[in-house]
Amino acid sequence: MDPKAPPISPAGMAALRKRYDHLLGTERPAIVEIVSWAAGNGDRSENGDYLYGRKRMREIDRELAFLAKRMKLCRVIDPSAQTDPGRVWFGATVTIADEDDEQRTITLVGDDEQDASKGLIGWSAPMACALRGAALGDLRKVRLPGGEKEWEVVAITYPQAL
């Protein structure tokens with residue numbers, strides 16, 4: 001597998017697979033049925049079910065193509081198998097503190113899994129790039145939209161193997 005391929009956790013890959021399977025096995029067949037029924041009703045130029053159904057089918061097909069390409073491209077990395085748990089790598093949950101000693105806990109995940117409201121930071125985000133390879137007590141500067149900010153690594157944890 002390409003070491004430069006974007007990383008994704010096993011849970012992230014499972015979520016992509018679940019979405020792909022849902023679109024292919026549930027949504028697309030339902031839309032095909034609606035389009036077939038609407039096509040049998042005559043004039044297609046003013047048939048809302050037909051027009052909307054064709055549009056939705058194109059959207060589903062685009063998303064299916066994107067998901068298939070993404071699942072093929074990404075490499076699955078299991079954070080619980082990390083061999084250097086004393087440093088920040090993919091899948092680490094990191095507690096950082098700023099100059100005012102305000103702490104924040106984030107988890108470095110694949111870009112497809114990121115959700116800042118849940119503390120999940122994408123692997124290619126500026127914060128994740130700055131923290132890569134950091135050990136306890138290291139200071140890292142991060143350039144954010146509001147300016148540059150320095151953070152200290154206070155804690156590093158990885159999920160336990162099942």
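At 38% relative accessibility, Cys129 counts as partly exposed. This residue makes a good starting point for a walk through the structure, which is a predicted model. The other cysteine to meet is Cys74, which is buried, with a relative accessibility of 3%. Are these two cysteines joined by a disulfide, or are they too far apart for a bond? The sulfur of Cys74 lies 16 Å from the closest cysteine sulfur, that of Cys129, and this is too far for a bond. A disulfide would need the two sulfur atoms to be within 2.5 Å. Seen from the other side, Cys129 takes part in no disulfide, and its nearest cysteine sulfur, in Cys74, is 16 Å away. In keeping with this, a search of the whole structure finds zero disulfides.

Salt bridges, in contrast, are present: the count comes to twelve. One of them joins Arg56 to Glu27, with the closest N and O atoms 2.5 Å apart. Where in the chain do Arg56 and Glu27 lie? Arg56 belongs to helix α2 and Glu27 to helix α1, so the pair ties together parts that are 29 residues apart in sequence. The two partners can also be described by how much of their surface is open. Arg56 is buried, with a relative accessible area of 15%, whereas Glu27 is partly exposed at 22%.

A second salt bridge stays within one helix. Here the side chains of Lys55 and Glu59 meet, with an N to O distance of 3.0 Å. Both residues lie in helix α2, four residues apart, which is about one turn of the helix. Lys55 is partly exposed, at 42% relative accessibility, and Glu59 is also partly exposed, at 26%. These pairs do not stand alone: Arg19, Glu27, Lys55, Arg56, Glu59 and Glu63 are linked in a network of salt bridges. Elsewhere in the chain, Arg140 and Asp138 form a salt bridge through their side chains, at 3.8 Å from N to O. Both partners are again partly exposed, Arg140 with a relative accessible area of 22% and Asp138 with 25%.

Other charged residues gather in patches on the surface. Which residues form the positive surface patch? The patch is made of Arg44, Arg54, Arg58 and Arg62. One of these, Arg62, sits in helix α2, which covers residues 48-73. Arg62 is exposed, with a relative accessible area of 54%.

A patch of negative charge is found on the surface as well, formed by Glu99, Asp100, Asp101, Glu102 and Glu152. Glu99 lies in the loop between β3 (93-97) and β4 (103-109), and at 54% relative accessibility it counts as exposed. Asp101 is placed in the loop between β3 and β4, and it too is exposed, at 57%. The backbone of Asp101 deserves a second look. Most residues other than glycine have a negative phi. Asp101, however, has a positive phi of about 65°, although it is not a glycine.

Distances between C-alpha atoms help to show how the chain is laid out in space. Glu33 is a residue of helix α1, and it is exposed, with a relative accessibility of 60%. How many ångströms separate the C-alpha atoms of Glu33 and Gly53? The separation is 9.2 Å, for two residues that are 20 residues apart along the chain. Gly42 offers another pair to consider. This glycine lies in the loop between α1 (10-39) and α2 and is partly exposed, with a relative accessible area of 40%. The C-alpha atoms of Gly42 and Gly122 are separated by 49 Å, and the two residues are 80 residues apart along the chain.

Methods:
Residues numbered from 1 in each chain as written. Predicted model: local features only at pLDDT ≥ 70, side-chain atom pairs only at ≥ 80, totals over all residues. Heavy atoms only, no water. Patch = residues over 30% accessible without salt bridge, like charges linked within 9 Å, V, L, I, M, F, W, Y side chains within 5 Å. Areas by Shrake-Rupley, 256 points an atom, 1.4 Å probe, with all protein chains shown as cover. Salt bridge = Lys/Arg side-chain N within 4 Å of Asp/Glu carboxyl O. Lys, Arg positive; Asp, Glu negative; His and termini not counted. Charge placed at Lys NZ, Arg CZ, Asp CG, Glu CD. Helix = DSSP H or I, 4+ residues; strand = E, 2+ residues; numbered from the N terminus. Buried < 20%, exposed > 50% of the residue type's maximum accessible area, 1.4 Å probe, protein only.
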